[in-house]
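Got your viewer open? Let's take a short walk through this one, selecting a few residues as we go.

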Amino acid sequence: MDIRKPIPTNCGDWVTRFGETWKTQVAQLRQKFGDQIQEVRMPPEGLTDVPIIYVKKDSLVPVLAFMKSESGFEYGFLSDITATDEEIEPRFEVVYNLFSQSRHWRIRLKIRVGENEDVPTAVSVWPGANWAEREVWDMFGIKFKGHPDLRRILMDVRWQGHPLRKDYPLRGYQLFPEPEEIDTQLLE
């Protein structure tokens with residue numbers, strides 16, 4: 001399948017419907033944030049379904065806040081935060097999928113992060129980022145600076161390593177015959 005071929009969706013062909021809006025938004029981001037915008041991949045040339053905007057790590061939170069509240073953007077919903085292990089330096093890409101509920105626009109922000117680098121938390125912009133950032137920490141080992149409660153969310157607290165890293169052993173089973181202890185402070 002060729003991703004450059006328009007795919008019918010319930011909102012129609014995204015590039016035809018939103019292409020000019022995305023171009024305007026990217027131009028405004030470049031004007032406001034300058035060299036903090038490292039790279040842009042636009043559909044369909046960039047082999048992506050929505051624009052991908054690579055942002056410098058230190059500008060992540062201001063860019064997210066701008067895209068959430070600025071007129072002409074209105075990306076008020078953080079659909080997901082995830083990551084990829086690229087096995088090159090910088091090793092990881094942290095991915096922020098944004099959605100405008102009023103306009104049905106989608107856009108993707110990414111930051112490149114090296115091994116053992118912190119990423120600024122997005123909890124101040126979206127409180128719901130809390131659990132998604134915990135999942136990225138649990139699965140990839142990427143730390144979020146300023147996160148209010150960065151601890152495992154999917155794996156047992158005794159688990160060693162981060163299972164979605166490409167260097168994690170394929171058969172890296174860890175069995176715990178006893179259930180993990182309950183942290184009674186979390187029950188209060």
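Before we select anything, here's what a strand is: a DSSP run of E of at least two residues, with strands numbered from the N terminus. Keep in mind as well that you're looking at a predicted model.

**Stop one: a loop with two oddities.** Find strand 3 (77–85) and strand 4 (92–99), then pick out Pro 90 in the loop between them. Look at the bond leading into Pro 90 from Glu 89: this peptide bond is cis, with omega near -10 degrees. Now select Glu 87, which is also in the loop between strand 3 and strand 4. Its phi is near 60 degrees, a positive value in a residue that isn't glycine. What makes these worth a stop? Most peptide bonds are trans, and most residues other than glycine have a negative phi. Is Glu 87 buried or exposed? Glu 87 counts as exposed because its relative accessibility is 55%, and the cut-off for exposed is over 50%.

**Stop two: another loop.** Move along to Asn 116, in the loop between strand 5 (106–113) and strand 6 (118–120). Asn 116 isn't a glycine, yet its phi is positive, at about 65 degrees. Asn 116 is exposed too, with a relative accessible area of 72%.

**Stop three: into a helix.** Select Gln 25, which is in helix 1 (residues 14–33). With a relative accessibility of 1%, Gln 25 counts as buried. Which residues is Gln 25 in contact with, leaving aside its neighbours within four places in sequence? Show Gly 72, Phe 73, Tyr 75, Trp 105 and Ile 107, and you have them.

Key: Residues numbered from 1 in each chain as written. Predicted model: local features only at pLDDT ≥ 70, side-chain atom pairs only at ≥ 80, totals over all residues. Heavy atoms only, no water. Helix = DSSP H or I, 4+ residues; strand = E, 2+ residues; numbered from the N terminus. Buried < 20%, exposed > 50% of the residue type's maximum accessible area, 1.4 Å probe, protein only. Contact = heavy atoms within 4.5 Å.
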